[in-house]
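Colleague: Before I trust the labels on this model, can we go through what stands behind them?

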Amino acid sequence: MSQNKLTDRFGRTVNYVRLSVTDRCDFRCVYCMAEDMTFLPRQQVLTLEEIARVARSFVDLGTEKIRLTGGEPMVRKDILELVKEIGTYGLRDFAMTTNGSQLATMAEPLRKAGMHRLNISLDSLDPEKFRNITRTGKLSQVLDGIDAAREAGFRGIKINTVVMKGRNDEEVPELVEFARKKQVDITFIEEMPLGEISEHDRGLALCTSEEVRDIIRKHHELVPATEDSGGPARYYRMEDSETRVGFISPHSHNFCSTCNRVRVTVEGRLLLCLGNEHSVDLRRVLRGNPVTDDKLRETIINAMDLKPERHHFSANGDVQILRFMNMTGG
Ligand code: SAM
Ligand code: SF4
């Protein structure tokens, strides 16, 4: 592994990159997208070769962890080819965030192609509520996908749940039991004000991690986990289970001081912070003439100076960031 060359003005080392491989998705989750989304024209989207080239440059600069996300990574044609390619880079951690809709058939090929871990989104165990939140999703398909992922032998599987008041907050205990039964971790996420939506009022729907913890504590004692997750989630353990319960709380817990990550959108925009607009156009470098890997690496190194100190999300749901989460790459 090469020595890390990516450090920002605040002394934070960046060794984790999230790459969005598509802005498209087979779901339309109410917190993530508008119902009638317009997606990017093909020519604006990085090719799989360009994405691999960006990944390679980050690895050359000391990146140890890559996560593929989107949109839904699995709707990108030939995604397995990209996974196979990045799988040869010797990463310490190679992961994907997925809605699970295609995992029933894709879990094993992904594992074989070198993927280590999966985060699978699951907001409800009730087929109707699930449909209501995802607008187009089918719960049974995702549950089959989770089982297939367990059988494929990933190093780790984590369920991600965005909790919304009056929508799925009552299901929190059931979701924890599900994670325990399936022997996977689960993380509860506070909804973030990314992109303008009209489907619900984010301020009213916000269910804080504190509130979710209180719900779970009625059923299980939660002991803070001692190991450092190296990410924004704070983890807890239960006495009688291997399952860890995590909380991502952009509103109530500022995790910026230890932020080690950057994101690259599918248009090749290097985003230095989820909650700020600071970015650098890597596509321009990738499609420049001549294209050199030196130039790409230099652009990435220089971009670190733009990484802001912290994000500012307001709890009333006001949108400060116009990008939808599917554009950012969650
Ligand atoms: N389609 C994949 C999925 O759903 O897992 C990957 C992309 S999705 C944008 C990544 C994660 O972001 C999901 O766990 C999703 O629940 C979460 N997410 C989307 N919009 C969000 C928002 N406004 N606030 C908090 N989390 C959000
Ligand atoms: Fe698609 Fe994931 Fe966004 Fe849901 S959260 S609409 S599955 S990208």
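Modeller: Sure, contact first: it means heavy atoms within 4.5 Å. Helices (H or I, at least four residues) and strands (E, at least two) are DSSP runs, numbered from the N terminus. This is a predicted model, where local features need pLDDT of at least 70 and side-chain atom pairs count only at pLDDT 80 or more, while totals for chains, interfaces and linings use all residues. Residues are numbered from 1 along each chain as its sequence is written, ligands are numbered from 1 in the order in which they are written, and side-chain values use heavy atoms, leaving out hydrogens and water.

Colleague: Which residues of α4 are called buried, and what do they pack against?

Modeller: In α4 (residues 127–134), F130, I133 and T134 are buried, meaning under 20% relative accessible area with a 1.4 Å probe, protein chains only (exposed is over 50%, partly exposed in between). Their partner is α5 (139–152).

Colleague: What puts the buried residues on the same side of α4?

Modeller: The arc, taken from the directions from the helix axis to the C-beta atoms, is only 85 degrees, so they share one side of α4.

Colleague: And which residues of α3 are buried, and which are exposed?

Modeller: L103, M106, A107 and L110 of α3 (residues 103–112) are buried. Their arc is only 120 degrees, so they too lie on the same side of α3. T105 and K112, on the other side, are exposed.

Colleague: What covers the buried residues of α3?

Modeller: The cover includes α2 (79–86), β3 (93–98), β4 (117–121) and α5.
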